[in-house]
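Got the viewer open? Keep the selection box handy, and we'll walk through the fold one stop at a time.

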Amino acid sequence: VHAMHSTFKILYIGGPRQVGKTTLLQRIRKTQEMGYVTLDDLNARRLAQQDSQLFLDRYPAPLFIDEVQYAPELFSALKMKVDQSDGKGQYWLTGSQHFSMIKNLQESLAGRVGVLVLNGLSFQEVHEKYYVGSEVNAKKKHPLPPIRLPDVPPPTIQEVFHFILQGGFPTLWHPTNSLDREQFYRSYIQTYIDRDLSSLFHVSKLSEFHIFLRLCSERTGTVLN
């Protein structure tokens, strides 16, 4: 992240909802003096959509802009704004990963934006007890992946299946989480259908799409005709 920050004028962090993009931004903000605005705020979103130049004047760089997928109108204004300076890391953007939006982002801000994708937790990240980093790697600027100790038993099949069923969303693995898996995914799918399909993609046949999701999930790893 820091290498991208020092290379590009704009950094975009994409990925699914609930994988920790905003949390990552908030933690980075503690080490850097940067403003923050989220387009979940309807007033900020409306301003970004209707008057992008005024939005960027009201929220000056360096700035974190969260949920930028709601205002793709910002991209042209961002291009003109960052071209006024050679400074790196002027804007950090996050958004749920929509391929059409990323394509527009890269076309509008070619050469100015670095794109990173944040996914859910890996098995290694969830089960840190199975891994350890060597002291040699820890001293390097860009550490190599942790190594497995030969005397630590590998995970059991049951543990692997539990991780697959639980998924990699950080909320589900947090010690204070009180939601069970079914509650979380039921709400997650509903949010995806209500917020993304309806408002962003204008999908009208939501019940049919829900059936499509179920068919895909039930046939994971097989051919869907």
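Start by selecting Phe-64 together with Trp-92: Phe-64 stands opposite Trp-92 in strand E4. Bear in mind that you're looking at a predicted model. Phe-64 sits in strand E3 (63–66), and 3 bridges tie E3 to E4, with the two strands running parallel. Now follow the backbone out of E3: the chain goes through helix H5 to reach E4, making a right-handed β-α-β crossover.

**The rest of E3**

Stay on E3 and show its side chains. Which way do they point? Leu-63 and Ile-65 go one way, Phe-64 and Asp-66 go the other way, and all of them are buried. Then look across to strand E2 (35–38). E2 and E3 are parallel and joined by 4 bridges, and one pair to pick out is Val-37 with its bridge partner in E3, Ile-65.

**The whole sheet**

Zoom out and colour the strands. The order is E2-E3-E4-E1-E5, an open sheet of 5 strands with parallel pairing. Which strands sit at the edges? Those are E2 and strand E5 (113–117), each of which pairs on one side only. Ignoring direction, neighbouring strands are turned by 15° against each other on average.

Next, select residues 10–15 and 91–96. These are E1 and E4, a parallel pair held by 6 bridges. Click on Gly-15 and you'll find its bridge partner in E4 is Ser-96. Now bring back H5 (residues 74–82): the helix packs on the sheet, touches E1, E3 and E4, and its direction makes about 165° with that of E4.

**Helix H3**

Select residues 42–50 for helix H3 and highlight Ala-44, Arg-45, Leu-47 and Ala-48, which are its buried residues. Look down the axis of H3: these buried residues fall within an arc of 165°, so they line one face of the helix. The general rule helps here: an α-helix has 3.6 residues a turn, so residues three or four places apart point the same way. What do the buried residues of H3 pack against? Their neighbours are E2, helix H4 (52–58) and H5. Spin the helix round, and the face turned away from the buried side shows you the exposed residues Asn-43 and Gln-50.

**Three backbone oddities**

Go to the loop between H4 and E3, where you'll find Pro-62. The peptide bond joining Ala-61 and Pro-62 is cis, with omega about 0°.

Carry on to Glu-67, in the loop between E3 and H5. Glu-67 isn't a glycine, yet its phi is positive, at about 60°. Buried or exposed? Glu-67 has a relative accessible area of 10%, so it counts as buried.

The last residue to click is Gln-18, in the loop between E1 and helix H2 (21–29). Gln-18 also has a positive phi, near 70°, and is not a glycine either. With a relative accessibility of 46%, Gln-18 counts as partly exposed.

**Step back**

Finish with the full chain in view. There are 12 helices and 5 strands in all, and 31% of the 225 residues are buried. Switch on the surface: the accessible area comes to about 14,100 Å², and carbon and sulfur atoms make up 55% of that. Of the contacts with a separation of 6 or more, 68% are between residues 24 or more positions apart.

Note on methods:
Residues numbered from 1 in each chain as written. Predicted model: local features only at pLDDT ≥ 70, side-chain atom pairs only at ≥ 80, totals over all residues. Heavy atoms only, no water. Buried < 20%, exposed > 50% of the residue type's maximum accessible area, 1.4 Å probe, protein only. Contact = heavy atoms within 4.5 Å. Areas by Shrake-Rupley, 256 points an atom, 1.4 Å probe, with all protein chains shown as cover. Pairing = 2+ DSSP bridges. Axes fitted to C-alpha atoms, helices over the stretch in contact; angles between N-to-C directions. Right-handed = clockwise from strand over helix to strand, strands pointing away. Arc of directions from axis to C-beta.
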